[in-house]
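Hi,

Here is the structure I said I would pass on. Have a look at it first, and my notes on what turned up follow below.

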Amino acid sequence: MKIALIIGITGQDGSYLAELLLTKGYCVVGAVRNIQNAKESLPTVLMQRIELVVWDMLDQCRMTEILTEYRPAEIYNLAAYSSGAGMFNDAVDIGEVNGLAVARILDAIRAVDTNIRFCQASSSEMFGNALESPQSETTPFRPRTPYGAAKLYAHSMTQIYRQHYGLYGCSAILFNHESPRRGLGFVTRKITHAVAKIKLGLVNELYLGNLDARRDWGFAGDYVRAMWLMLQHPHADDYVVATGETHSVRELCEIAFGHFNLDYCDYVREDSASYRPIESVQLVGNSKKVRNQLGWIPEVGFHEMVSLMVDADLRKLIE
C-alpha cells in the first residue's frame with residue numbers, strides 16, 4: 001500500500017486530499033503541529049482512517065526522522081503560514097514556514113529517498129503585479145506580499161531540486177479555491193456564513209470591501225485532484241491550476257443571498273476600510289497545460305460551489 005504524507009492536513013485542501021487518497025487505496029499520514037488540535041479540527045470519520053505525526057516546519061532533523069520511519073511514496077506540502085488579509089503579517093515567520101521550510105523538506109527527501117515524489121502547493125500570489133493576463137506557467141512572477149515572495153522561494157527551490165538533484169518535485173500554482181471547509185477569514189466563507197446567519201435571523205447586515213473585486217475562484221476538491229494527478233505523471237513539472245474565469249464579490253453575494261431568495265442589496269454594506277488595491281492586470285489562470293497534459297477539468301462550477309457553502313454554513317449553525 002502506498003503511503004502519502006500530507007503536511008498541513010488540517011486545512012481545507014488537506015482534508016479533501018486525504019479523502020481522495022483514501023478512496024485510491026493510500027495509507028495517509030498527516031503531519032501536524034499539534035495532534036490534539038488536529039483531532040479536534042478534522043472530521044471524525046477521517047480521523048478514524050488516518051495517522052497523525054507531529055511535524056515542525058523549522059526542524060529538518062525531525063523531518064528526516066519521519067521520512068525515514070514512514071518512507072512515503074508521495075509528499076504533499078499544503079502547509080502555509082497566513083493568507084488572505086494576513087499576507088503582510090509576520091513577514092519573517094511567513095518566510096520561514098512558507099519559504100525556507102520547503103528547502104528543508106526537499107533536503108530531507110534528498111537524504112532519505114530520492115524516489116519520493118513531492119508536490120508543493122504554490123500560489124497565484126506569486127504573480128502579484130502581473131504583466132499579462134491570463135497567467136500561465138511562463139508568466140513572469142512579481143510578488144507584492146511577503147506571502148507571495150515566500151511562496152516564490154519555495155516554488156523556485158522545488159524547481160532547483162528537480163533540475164539539479166533530479167528529485168521528482170512538482171509545483172501546483174493554485175489560484176483561489178474555496179469550499180465549505182474554508183476559514184472564516186476568507187471573503188467567500190465570510191459571505192456564505194453571514195448569509196446563513198441572516199437567514200436564521202442572527203444578524204441583519206454584512207460589511208465587505210470592494211464588491212467589484214474579481215477573482216478566479218474554483219472548488220478545493222477539484223484542485224487537490226489536480227495535485228494528485230501531477231504526482232502520477234511520468235515526469236515532474238509545474239502547472240497552473242485555475243478555472244480560467246473570474247467572478248466579482250458582487251456576483252458571489254447575488255448567488256449566496258439568492259440561494260435563500262434574499263436580495264444582497266438589503267443586507268450588504270460596503271466598507272472602504274476593507275478595500276484592497278485592485279490589480280492593474282486581472283489575476284486569472286490559464287490552465288491549458290494541466291488540462292491537456294493531465295486531463296484535469298474542474299467539476300464543480302462557481303454557482304454550485306457557492307450554494308454548497310451556504311447550505312453547509314446553515315447546517316452548522318442549526319447544529
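Let me start with one pair of residues: Ser 123 has Leu 174 of strand E6 as its bridge partner. Please keep in mind that this is a predicted model.

That pair belongs to a longer match, since E5 (residues 117-123) and E6 run parallel and are paired over seven bridges. E6 itself covers residues 168-174, and seven of its seven residues are buried. Which residues sit on the two sides of E6? One side carries Tyr 168, Cys 170, Ala 172 and Leu 174, the other has Gly 169, Ser 171 and Ile 173, and both faces are covered.

E5 has another partner in E4, again in the parallel sense, this time over four bridges. In that pairing Ile 75 stands opposite Phe 118 of E5. E4 is covered on both faces too: Glu 74 and Tyr 76 are buried on one side, Ile 75 and Asn 77 on the other. Moving on from E4, you get to strand E1 (residues 3-7), which is parallel to E4 and joined to it by four bridges. There, Ile 7 is partnered with Asn 77 of E4.

Next, a few single residues that I think you would want to click on.

His 155 is part of helix H6, which spans residues 146-165. Is His 155 buried or exposed? It is buried, because its relative accessible area is 1%, and the cut-off for buried is under 20%. Apart from neighbours within four places in sequence, His 155 is in contact with Ser 122, Met 126, Phe 141, Ser 171, Ile 173 and Asp 238. Two of those names come back from the strand story: Ser 171 and Ile 173 are on one side of E6.

The loop between E5 and H6 holds Pro 134. The peptide bond joining Ser 133 to Pro 134 is cis, with omega about 0°. Gln 135 is in the loop between E5 and H6 as well. With a relative accessible area of 0%, Gln 135 is buried. What does Gln 135 touch, leaving aside its neighbours within four places in sequence? The list is Phe 127, Ala 130, Phe 175, Val 240, Val 281, Gln 282, Leu 283, Val 284, Gly 285 and Asn 286. As a distance to check, the C-alpha atoms of Gln 135 and Ala 242 are 9.7 Å apart, with the two positions 107 residues apart in sequence.

Leu 252 sits in helix H9 (residues 249-258). It counts as buried, at 1% relative accessibility. Beyond the neighbours within four places in sequence, Leu 252 contacts Thr 188, Ile 191, Trp 217, Phe 302 and Val 306. Its C-alpha is 8.9 Å from that of Thr 192, which is 60 residues away along the chain.

Two residues have backbone angles to look at. Arg 71 is not a glycine, yet its phi is positive, at about 50°. Arg 71 is in the loop between helix H4 (60-70) and strand E4 (74-77), and at 45% relative accessibility it counts as partly exposed. Asn 261, also a residue other than glycine, has a positive phi near 55°. You will find Asn 261 in the loop between H9 and strand E13 (268-270). Is Asn 261 buried or exposed? Exposed, because its relative accessible area is 75%, and the cut-off for exposed is over 50%.

Finally, the overall numbers. The protein chain has 11 helices and 13 strands. Its radius of gyration is 19 Å, close to the 20 Å that the globule rule gives for 319 residues, so the chain is as compact as a globular protein of that length. The C-alpha trace spans about 60 × 45 × 40 Å along its principal axes. Of the 319 residues, 53% are buried. Among contacts with a separation of 6 or more, 76% are between residues 24 or more positions apart. The chain exposes about 14000 Å², and 49% of that comes from carbon and sulfur atoms. As for charge, there are 31 positive and 37 negative charges, and their mean positions are 2 Å apart.

Cheers

Key:
Residues are numbered from 1 along each chain as its sequence is written. This is a predicted model: local features need pLDDT of at least 70, side-chain atom pairs count only at pLDDT 80 or more; totals for chains, interfaces and linings use all residues. Side-chain values use heavy atoms; hydrogens and water are left out. The radius of gyration is taken over C-alpha atoms; the globule rule is 2.2 Å times the number of residues to the power 0.38. Buried means under 20% relative accessible area, exposed over 50%, partly exposed in between (1.4 Å probe, protein chains only). Contact means heavy atoms within 4.5 Å. Accessible areas come from the Shrake-Rupley method with a 1.4 Å probe; for residues, only the protein chains shown count as cover. Lys and Arg count as positive and Asp and Glu as negative; His and the chain ends are not counted. The place of a charge is taken as NZ of Lys, CZ of Arg, CG of Asp or CD of Glu. Two strands pair if DSSP finds at least two bridges between them.
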